[in-house]
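User: Hi! I'd like to go through the ligand site and the empty spaces of this model. Could you take my questions one by one?

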Amino acid sequence: MQTNQVLPVDPAKVSKKTLYTGAKIPAVGLGTFGSDNYNANTIADAVEQAIRLGYRHIDCASVYGNEKEIGAAIAKVIKEGVVTREELWITSKVWNDSHRRVAESARKSLKDLQLDYLDLYLVHWPFPNFHAPKVDVDSRDPNAKPYIHEDYMQTWRAMEKLVDEGLVRHIGTSNMTVSKLELLLRDCRIKPACNEMEMHPHFQQQALFDFVTQNGIVAIGYCPIGSPNRPERDKTADDTVPIEDPVIVAIAQAHGIHPAVVCIKWAVQNGQIPIPFSVKPEKYMSNLRATTEDPLTEYEMKAIQAIDRNCRFIKGQVFTWEGATWEDLWKD
Ligand SMILES: NC(=O)c1ccc[n+]([C@@H]2O[C@H](COP(=O)([O-])OP(=O)(O)OC[C@H]3O[C@@H](n4cnc5c(N)ncnc54)[C@H](OP(=O)(O)O)[C@@H]3O)[C@@H](O)[C@H]2O)c1
């Protein structure tokens, strides 16, 4: 496999965040959602190579349709002695159509990923629904439902059971709001360790970020670069482009790095864990290296804080129920 002479990063140099259990999670992970652009084998090859070059944290999900291929890649590097299972942090997620089949879904991910346990298992979205992969944003599931706390708690009880059984070490949430998390924190037996949420310079979600942090939950930031190559169907006329923001571009020029890498540095220094995606070694390694050298100054951090545009890219249109708009998904 070609590495284009991309230099490895010593995983010991990548900082870690401590979860409320005391477990440590690497401060940057590799995303594995290929959108329409990359197939499962290409992404699995990137995971294999990324681990060889120093990545220890991989963000997976059953709905990404590539856990089997990624599992083979992970098994290969473990077998070759590149890394041990304990040195890796592997996340997976239960999809919206499986809220009543959490155990089955987790076991399938474990089997596909060829693992005995997951480090983190997330409820991907708090809304149960079904839709075929790659559907248009206008597609709706007639059976889609809004957030119903009792239903979510039934899903969460099944998540807690996975921890009891040792199949997953931590459980967490994704695409939540403060009010939904308040209900969950009131009623859970095992608290979420992480909340995965969209976070980039144009969508900083300060209130939600502060809420999770104050409650001892670590924020994992998805689309940290603003997902510039997401499919056209997921873009709207109002969407901004964080890596084209003059503030980000100027900071990138000052450091001699790509604007994407500025986004990663900002994320880590701000306190969330970014999970940038790329299958290109020069890109994903510059994202990992971002955390080990040449930090942004306090002035630059403040300048980025000031360019929040409250611009959500992953709106979730297809998950809406009858009569709802995507904004309703995020209201309370
Ligand atoms: N929990 C959820 O609901 C949820 C939702 C969305 C995403 N996620 C997770 O978050 C991950 C990341 O999100 P994302 O892929 O949508 O967005 P992203 O990481 O913000 O953007 C990825 C894009 O940025 C480009 N890129 C990456 N590193 C770069 C660099 N150093 N220089 C220049 N360009 C760079 C890549 O270009 P190339 O294509 O050229 O490599 C890729 O297309 C996903 O893979 C998935 O694991 C979770």
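Analyst: Gladly! One term to begin with: helices here are DSSP runs of H or I with at least four residues, numbered from the N terminus. Please keep in mind that this is a predicted model.

User: Which helix supplies the largest share of the shell around the ligand?

Analyst: Two helices, H8 (259–270) and H9 (281–289), each supply at least two residues of that shell. The largest share amounts to 3 residues, and it comes from H9.

User: How much of the ligand's accessible area does the protein cover?

Analyst: Let's start with the polar contacts. An oxygen atom of the ligand lies 2.7 Å from an N or O atom in the side chain of Tyr38, and for the side chain of Asp59 the corresponding distance is 2.8 Å. Of the 910 Å² that the ligand has on its own, the protein covers 95%.

User: What is the volume of the largest cavity?

Analyst: The structure holds 1 cavity of 30 Å³ or more. Its lining includes Glu196, Met197, Arg312 and Trp330, and strand S8 (residues 194–198) gives the largest share, 3 residues. The space in the largest cavity is about 30 Å³.

User: And which helix gives the largest share of the lining of the second largest pocket?

Analyst: This pocket has about 270 Å³ of space. Its lining numbers 15 residues, with Phe203, Asn310, Cys311, Arg312 and Trp326 nearest the centre; by class, there are 6 nonpolar, 4 polar and 5 charged. The largest share is 3 residues, from residues 206–214, which form helix H6.

How values were computed. Residues numbered from 1 in each chain as written. Predicted model: local features only at pLDDT ≥ 70, side-chain atom pairs only at ≥ 80, totals over all residues. Heavy atoms only, no water. 1 Å grid on protein atoms, 1.4 Å probe; cavity = no way out; pocket = protein on both sides within 12 Å on 5 of 7 lines; lining within 4 Å. Points joined across faces, edges and corners; volume = space filled by probe spheres on them. Nonpolar A, V, L, I, M, F, W, Y, C, P; charged D, E, K, R; others polar. Polar contact = N/O pair within 3.5 Å; in protein donor to acceptor, adjacent residues only side chain to side chain. Areas by Shrake-Rupley, 256 points an atom, 1.4 Å probe, with all protein chains shown as cover.
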